[in-house]
Amino acid sequence: MSELFSAFGYPARLIGRLPLLPRYLWAGSSLSANNDYVVQRYGPTYKLRPWLLLDTNELEVIERLLNEGSDIDIVAFRTAHLLTASNLTVV
């Protein structure tokens with residue numbers, strides 16, 4: 001079921017990330033990388049699910065933080081994201 005919702009949300013995430021297109025072109029995306037984390041987590045058919053390709057690097061960082069990070073690191077990550085989100089305005 002989550003795959004279905006992810007597929008429906010993909011166009012909105014793609015349009016929202018268009019301003020980041022130079023970053024993806026410069027740094028590469030998960031599609032261009034042979035990422036062992038992605039293959040292990042989602043299987044060899046992950047390239048057939050394009051909604052995963054934008055987020056896999058960030059998901060790997062968050063999963064590593066949750067599994068290996070200390071409580072202080074997790075609270076700092078949460079606080080940083082809350083401060084960032086407080087600056088956003090939804091129109």
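Let's start with E60, which sits in helix α5, spanning residues 56-68. The model here is a predicted one. Is E60 buried or exposed? With a relative accessible area of 18%, E60 counts as buried, because the cut-off for buried is under 20%. As for its company, once you set aside neighbours within four places in sequence, E60 is in contact with N35 and Y37.

Y37 turns up again in the largest nonpolar core, alongside Y10, V38, Y46, W51 and L52, which makes six residues. Two helices, α3 (36-42) and α4 (50-53), each supply at least two residues of this core. L52, one of the core residues, is in contact with Y42 and Y46, again leaving aside neighbours within four places in sequence.

Zooming out, the protein chain has six helices and zero strands, so by element it reads α-α-α-α-α-α from the N terminus on. Of its 91 residues, 19% are buried. Looking at contacts between residues at least 6 apart in sequence, 43% join residues at least 24 apart. The chain exposes about 7200 Å², and carbon and sulfur atoms supply 66% of that.

How far does the predictor trust all this? The protein chain averages a pLDDT of 76, and 79% of the residues score at least 70. Here are the two ends of the range by helix:

| Helix | Residues | Mean pLDDT |
|---|---|---|
| α2 (lowest) | 21-27 | 68 |
| α6 (highest) | 71-86 | 88 |

So helix α2 is where confidence is lowest, and helix α6 is where confidence is highest.

Conventions
Residues numbered from 1 in each chain as written. Predicted model: local features only at pLDDT ≥ 70, side-chain atom pairs only at ≥ 80, totals over all residues. Heavy atoms only, no water. pLDDT = per-residue confidence, 0-100. Helix = DSSP H or I, 4+ residues; strand = E, 2+ residues; numbered from the N terminus. Buried < 20%, exposed > 50% of the residue type's maximum accessible area, 1.4 Å probe, protein only. Contact = heavy atoms within 4.5 Å. Core = buried A, V, L, I, M, F, W, Y, C linked by side-chain atoms within 4.5 Å. Areas by Shrake-Rupley, 256 points an atom, 1.4 Å probe, with all protein chains shown as cover.
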